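Q: I'm new to reading protein structures, and I'd like to slow down over one part. Could you take me through a helix and its surroundings, one step at a time?

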Amino acid sequence: TPTMPTLTGADSRVAQDTLETLSRSEGLNLVIQVEEENSESVNEGYVTRTDPAAGSELSERSEERRVGK
């Protein structure tokens, strides 16, 4: 079973590509949403967190959120 990769601190574009590739290669049809939030510890344009968290199992039609500013 594929799991959510660690994307916290990654460039937002790289994270998007990573999730799209994972979705295609595993046939998951993931729904990827991006939400912006302020962070004092992560620069703008980088991932502050994901939902589900890194290491969580992913399944078809899972909804992944990358959150960053």
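A: Happy to! Let's begin just after helix H1, where Gly27 takes a positive phi of about 65 degrees. Please keep in mind that this is a predicted model.

A little further on comes Asn29, in the loop between H1 and E1. Asn29 has a positive phi too, of about 55 degrees, although this residue is not a glycine. Its relative accessibility is 42%, so Asn29 counts as partly exposed.

Now let's step back into the helix itself. H1 covers residues 12-26, which makes 15 residues. At 1.5 Å a residue, H1 should span 21 Å, and its end C-alpha atoms are indeed 21 Å apart, so the expected span and the model agree.

Which residues of H1 are buried? They are Ala15, Leu19, Leu22 and Ser23. Looking down the axis of H1, you would find these buried residues within an arc of 100 degrees, so they line one face of the helix. On the other side of H1 you can pick out Arg13, Arg24 and Ser25, which are exposed.

Next, follow H1 back to its start. Asp11 sits in the segment before H1. A side-chain oxygen of Asp11 reaches to within 2.8 Å of the backbone nitrogen of Arg13 there. The side chains of these two residues meet as well: Arg13 and Asp11 form a salt bridge, with N and O 3.1 Å apart. Why can such a pair form? Side chains of opposite charge can pair when their charged atoms come close.

Are the two partners buried or exposed? Arg13 counts as exposed because its relative accessibility is 62%. Asp11 has a relative accessible area of 17%, and since the limit for buried is under 20%, Asp11 counts as buried.

What does Asp11 touch beyond its neighbours within four places in sequence? Asp11 is in contact with Gly45 and Tyr46. There is also a link in space to Asn43: the C-alpha atoms of Asp11 and Asn43 are separated by 9.3 Å, with their positions 32 residues apart along the chain.

That brings us to the loop between E1 and E2, where Val42 is found. With a relative accessibility of 17%, Val42 counts as buried. Setting aside neighbours within four places in sequence, Val42 is in contact with Val47 and Thr48. Val42 and Thr8 are 34 residues apart along the chain, and their C-alpha atoms are separated by 8.8 Å.

This loop also takes part in a salt bridge. Arg49 pairs with Glu37, and their closest N and O atoms are 3.2 Å apart. Arg49 belongs to strand E2 (residues 47-51), while Glu37 is in the loop between strand E1 (31-36) and E2, so to speak a link between distant parts of the chain, 12 residues apart. How open to the surroundings are these two partners? Arg49, at 39% relative accessibility, counts as partly exposed, and Glu37 is also partly exposed, with a relative accessible area of 25%. The count of salt bridges comes to two.

Stay in strand E2 for a moment and look at Thr50. Thr50 counts as buried because its relative accessibility is 12%. A polar atom of the Thr50 side chain lies 2.9 Å from the backbone oxygen of Pro52. Pro52 itself is in the loop between E2 and strand E3 (63-68). The peptide bond that joins Asp51 and Pro52 is cis, with omega of about 15 degrees.

Finally, let's place H1 in the whole chain. The chain has one helix and three strands, and from the N terminus on its elements run α-β-β-β. Of the chain's 69 residues, 32% count as buried. Among contacts between residues at least 6 apart in sequence, 67% join residues at least 24 apart. The chain exposes about 4,300 Å², and carbon and sulfur atoms supply 39% of this area.

How values were computed. Residues are numbered from 1 along each chain as its sequence is written. This is a predicted model: local features need pLDDT of at least 70, side-chain atom pairs count only at pLDDT 80 or more; totals for chains, interfaces and linings use all residues. Side-chain values use heavy atoms; hydrogens and water are left out. A salt bridge is a side-chain nitrogen of Lys or Arg within 4 Å of a carboxyl oxygen of Asp or Glu. Buried means under 20% relative accessible area, exposed over 50%, partly exposed in between (1.4 Å probe, protein chains only). Helices (H or I, at least four residues) and strands (E, at least two) are DSSP runs, numbered from the N terminus. The expected span of a helix is 1.5 Å times one less than its number of residues. The arc is that of the directions from the helix axis to the C-beta atoms. A polar contact is a pair of N or O atoms within 3.5 Å; within protein, one must be able to donate a hydrogen and the other to accept it, and residues adjacent in sequence count only if both atoms are side-chain atoms. Contact means heavy atoms within 4.5 Å. Accessible areas come from the Shrake-Rupley method with a 1.4 Å probe; for residues, only the protein chains shown count as cover.
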